[in-house]
Amino acid sequence: MHSQNHWGGSFEIADRDAAPVVEDEWDRAALTHEQQQYLDETQQSWLLGPPEPNQKKYIDLGCIVCSRKALKWTLWSIVIAFVVIALPTIIAKTLPKHRAKPPPPDNYTVALHKALLFFNAQKSGKLPKNNDIPWRGDSGLTDGNNTDFKWDLVGGYYDAGDNTKFHFPMSFAMTMLSWSVIEYEHKYRSIREYDHIRDLIKWGTDYLLLTFNSSATKIDKIYSQVGGSQNGSTIPDDHNCWMRPEDMDYNRPVQIANAGPDLAGEMAAALAAASIVFRDNDAYSKKLVKGAETVFAFARDPGRRRRYSDGNPFIEPYYNSTGYFDEYMWGSAWLYYATGNNSYISLATNPGIPKNSKAFSMLLGQSVLSWDNKLPAAMLLLTRYRIFLNPGYPYEDMLKMYHNVTILNMCSYLEQFKVFNWTSGGMIELQYWKPQQPLQYVANTAFLASLFADYLNATGVPGMNCGPYFIPSDVLRSFATSQMDYILGNNPMKMSYVVGYGSKFPRHVHHRGASIPHNGKKYSCTGGFQWRNTPNPNPNNITGAMVGGPDRSDQFKDVRTNHNYTEPTMAGNAGLVAALASLTTTGGTGIDKNTMFSAVPPLYPPSPPPPAPWKP
């Protein structure tokens, strides 16, 4: 008998008389099975040891072993992160997008977009399809072909409300546009006008390269004008006819300059400045530099130092040059920046240049930038060299003089010093010798003041000294904004003098193409005068054109027959564009300090190599 025994042995007393048990007779498999049936938990614990815990503290993940608690917190962190971060992101990606609109452009940007369109309206030649002026078409396709030399002079720009191509102010306009791009490229890119203004500049410089043999190193003439008129002439020409440029059928004479440092110097400035704008197009930039050097060599030829307009009845009454030493300073400065050739900066700082140009005379007219007088702009351009690169000897003395005169010019523009007269409505009267068409001078001066303020800010200089008075740079900026605001409508007439800007602007602009209907009809030389003389508004708005402007009493007559009030010009609009670019903040602030100097070599010799190691 086998009874249960919780204490390890049997309680029964063995029967001594009983027969001995023979173990071999047991079925061991059955015995084992039977014994296991009767093992309770305590006995099992004796045999198997203590029971394993229900949960292990650590979990083997194969590559790593981590605690169960850490794994639990990690998994919960992942779940929470998904709910807090990933889930909202997924929802946001799947929902319809409603992006906030960018802030609206400031007034100067709006006006700048329009001012650039004026140049599209002035294009001559075969127009590109994207010219965006519906009432303009191809014109002047035979320019240069009706003369003995059969020179191709197709392209370029008409100067104003007539159909004449004056190369002197055209060159100045291209220089000004290029200057504004070099200083404010980031702004043009931001407002998406960078490609547009580059196209406008290239349209002008491509044409200027046609006006002389740009593939040569030495030339003996420049074609200085296409079209025009002589005072008192009765034959059909650009002034005796009122015709759309697309309909011109009269002779367009070409003027030749066998001398003219003024014209050549300005053309060199335009080509050199544009070469910096197109520095990313190596072949074209080099072509512009070569052309600039060739035409400037013509300007410096001792046998050709006469004003280009001298004695020419087609030029003298309209764009007469008063001198050429300012163009020497202006052109050589731009060529130095374009090439890095020290001979150009040596010329720009040669004491004979300011002496002959009367740069230090402090005459009122010498401080006013125009298509004829480049002195204030040239000295500011060279002041830039001093304040940013500080070249020192041998240029320092002359550059310091240019810097001082530039500051005096800036002081003279401020009303508190009473150097210039001002209208009661707030416009500075810069052209005391010519009270007509004041706005082109106002725009140019606003650009110079705003740019100089940016130069001061870029160097951390808070202002300038005007005699005993310290003038913060913000005062210069306020002067520039006040003049631009006057042009854009903050004036006694409450009228914008830029066509298409604002609700009230000139509607009778003195301009042939804008005043004649685009109706498929050709009006004869004299038949077109019905459109000049009509009191009706122009059928075509020449958007972006800045007109001549008001008189000294702030009064403006919107009359097509009075060009002093209502005629726009290339030179005037170039200054307007430059000023607007300097003042807009939509595309950022400040200037590009370095691009101007990209071709200028290091000013100081490189450090010598270290000495060879000592050998015993």
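The following questions and answers concern a predicted model of a protein chain.

Reader: How many helices and strands are there in the protein chain, and what percentage of its residues count as buried?

Author: In this predicted model, the secondary structure comprises 19 helices and 9 strands. The chain has 616 residues. Of these, the share that counts as buried is 51%.

Reader: Which helix supplies the largest share of the largest nonpolar core?

Author: The largest nonpolar core holds 162 residues, and Trp179, Trp334 and Met464 touch the most other members. The largest share of this core amounts to 13 residues. These residues come from helix H14, residues 439–458.

Reader: With which residues is tryptophan 334 in contact, leaving aside its neighbours within four places in sequence?

Author: Trp334 is one of the residues that touch the most other members of the largest nonpolar core. Another of them, Trp179, is itself a contact of tryptophan 334. With sequence neighbours within four places left aside, the full set is Thr175, Trp179, Ile182, Ala269, Ala272, Ala273, Ile276, Leu381 and Met596.

Reader: How many disulfides does a search of the whole structure find, and what is the pairing of the bonded cysteines in sequence order?

Author: The search finds 2 disulfides. One joins cysteine 241 to cysteine 525, and cysteine 411 and cysteine 466 form the other. With the bonded cysteines numbered in sequence order, the pairing is 1-4, 2-3.

Reader: How many residues apart are cysteine 241 and cysteine 525, and where do they lie?

Author: The sulfur atoms of cysteine 241 and cysteine 525 are 2.0 Å from each other, and the link is left-handed, with -90° about the S-S bond. Cysteine 241 sits in the loop between S4 and S5, whereas cysteine 525 sits in the loop between helix H16 (512–515) and helix H17 (529–533). The pair thus links distant parts of the chain, 284 residues apart.

Reader: Is cysteine 525 buried or exposed?

Author: A residue counts as buried under 20% relative accessible area. Cysteine 525 has 17% relative accessibility and therefore falls under that cut-off. Its partner, cysteine 241, has 1% and also counts as buried. The class of cysteine 525 is accordingly buried.

Reader: Which parts does the disulfide of cysteine 411 and cysteine 466 tie together?

Author: The sulfur atoms of cysteine 411 and cysteine 466 are 1.9 Å apart. Because the torsion about their S-S bond is about -85°, this disulfide is left-handed. The two cysteines are 55 residues apart in sequence, and the parts that they tie together are helix H13 (residues 396–412) and strand S8.

Reader: Which residue is the bridge partner of cysteine 466 in S9?

Author: Strand S8 (residues 463–466) and strand S9 (residues 469–472) run antiparallel and are joined by 4 bridges. Their hairpin has 2 residues between the strands, and glycine 467 takes a positive phi near 65° there. In S9, the bridge partner of cysteine 466 is tyrosine 469.

Reader: Which strands are the edge strands of the open sheet S3-S4-S5?

Author: The 3 strands of this sheet pair in the antiparallel sense. Strand S4 (residues 222–226) pairs with S5 over 4 bridges, and valine 226 has valine 254 as its bridge partner in S5. An edge strand here pairs on one side only, and the two that do so are S3 (165–166) and S5 (254–257).

Reader: Which backbone oxygen lies 3.1 Å from a polar atom of the side chain of serine 332?

Author: Serine 332 lies in helix H9, residues 325–339. Because its relative accessibility is 0%, serine 332 counts as buried. The backbone oxygen at 3.1 Å from a polar atom of its side chain belongs to methionine 329.

Notes:
Residues are numbered from 1 along each chain as its sequence is written. This is a predicted model: local features need pLDDT of at least 70, side-chain atom pairs count only at pLDDT 80 or more; totals for chains, interfaces and linings use all residues. Side-chain values use heavy atoms; hydrogens and water are left out. A nonpolar core is a set of buried Ala, Val, Leu, Ile, Met, Phe, Trp, Tyr and Cys residues joined through side-chain atoms within 4.5 Å. Buried means under 20% relative accessible area, exposed over 50%, partly exposed in between (1.4 Å probe, protein chains only). Contact means heavy atoms within 4.5 Å. Two strands pair if DSSP finds at least two bridges between them. A polar contact is a pair of N or O atoms within 3.5 Å; within protein, one must be able to donate a hydrogen and the other to accept it, and residues adjacent in sequence count only if both atoms are side-chain atoms. A disulfide is a pair of cysteine sulfur atoms within 2.5 Å.
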